[in-house]
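Thank you all for coming. I would like to spend a few minutes on charged side chains and how they pair, so please bring up the structure.

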Amino acid sequence: MIDFFSHRAGFVLVACAFSASVACASSLDTLEAFLKSTKSGRADFTQVVTPPAKAGQSTARSKTSTGQFSFVRPTRFRFDYIKPFPQVIVADGQTLWLYDADLEQVTARKQAQALGSTPAALVATAVDLNALQKEFSLEAQADGDGLQWVQATPKNRESTIQSVRLGLRADGTQVSLGKLEIFDAMGQRSVLSFERFEINPVSLSAAQFNFVTPKGVSVIRP
C-alpha cells in the first residue's frame with residue numbers, strides 16, 4: 001500500500017463547520033449506505049504514489065501502477081497489481097498475503113492483526129459506520145470532482161497512516177468508490193482512482209480470494 005484548499009473550497013469547509021448543511025452531512029450518510037448496501041465490488045484502479053520532496057527539490061517524482069481490486073465484506077479483498085510490476089495483496093479471512101513476483105517472495109500475516117486502522121478497513125471490511133468509528137475519526141468534507149468526500153483519521157496514534165480521504169459516487173440507491181487519497185506518516189501521498197466499479201457482482205465469490213503460494217516461492221511469516 002495515497003493544491004487541495006482553494007479560497008473557494010476553504011470557504012465551503014468553514015461554512016460546513018458552522019451550519020447544518022445537508023450537502024456536507026450527506027457524505028457520511030453516503031458512506032453508511034456504501035458500507036451497508038455494497039456487500040461486494042470489483043473495479044480497475046490506477047494508483048499514483050508521490051513521496052515527499054527531498055531537500056532542494058520543488059517537486060517529487062510520482063510512480064504510477066495499475067491493476068484490479070475486488071472485495072467481499074467483511075473479511076475478503078484483493079489487489080492485483082498488473083503494471084509496471086506484478087504484485088498481489090490478498091486477505092482470505094484469516095491471513096493477509098503479500099506476493100511479490102519479481103522477488104519470488106510471499107509475506108503472510110494474521111489478518112486480524114494486520115488490518116485495523118488501514119485503508120482496507122475503510123473500504124472492504126467494515127460493515128457499518130459504528131464499526132468504522134471504533135478505528136477512525138470521521139469528518140464530512142465538501143463535495144468535489146463529482147464525488148462526496150469523507151476524511152478518516154486513525155485513532156491509533158501508532159498507525160503508519162496519517163489520514164485517508166474517501167471519494168464516493170452515489171447513483172440513486174447505489175454507492176461506489178471513486179477515489180482513495182492516502183497520506184502516510186512519512187509524508188507520502190497515494191491516490192487510487194477506481195473505474196468500471198461493479199456493485200455486488202454475482203460472479204464474485206469467496207473462493208476467488210484463496211491464495212495458493214506458487215512453487216519455489218519462499219513464505220515469510222513475521
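**Salt bridges in the model**

Let me begin with one pair, Glu 181 and Arg 189, whose side chains meet in a salt bridge with 3.7 Å from N to O. Please keep in mind throughout that what we are looking at is a predicted model.

How do the two partners compare with the cut-offs for burial, where buried means under 20% relative accessible area and exposed means over 50%? Glu 181 has a relative accessibility of 7%, and therefore counts as buried, while Arg 189, with a relative accessible area of 26%, is partly exposed. Elsewhere, salt bridges that share partners join Asp 44, Glu 195 and Arg 196 into one network.

Coming back to Glu 181, its side chain also meets that of Arg 165 in a salt bridge, here at 3.0 Å from N to O. Because Arg 165 lies in strand 9, residues 161-171, and Glu 181 lies in strand 10, residues 174-184, this pair ties together parts that are 16 residues apart in sequence. As for their surroundings, Arg 165 and Glu 181 are both buried.

Another pair to find on the screen is Asp 80 with Arg 78, which form a salt bridge whose closest N and O atoms are 2.8 Å apart, and here again Asp 80 and Arg 78 are both buried.

How many salt bridges does a search of the whole structure find? The search finds seven, and among them are the pairs Asp 80 with Arg 78, Arg 165 with Glu 181, and Glu 181 with Arg 189.

Note on methods: Residues numbered from 1 in each chain as written. Predicted model: local features only at pLDDT ≥ 70, side-chain atom pairs only at ≥ 80, totals over all residues. Heavy atoms only, no water. Salt bridge = Lys/Arg side-chain N within 4 Å of Asp/Glu carboxyl O. Buried < 20%, exposed > 50% of the residue type's maximum accessible area, 1.4 Å probe, protein only. Helix = DSSP H or I, 4+ residues; strand = E, 2+ residues; numbered from the N terminus.
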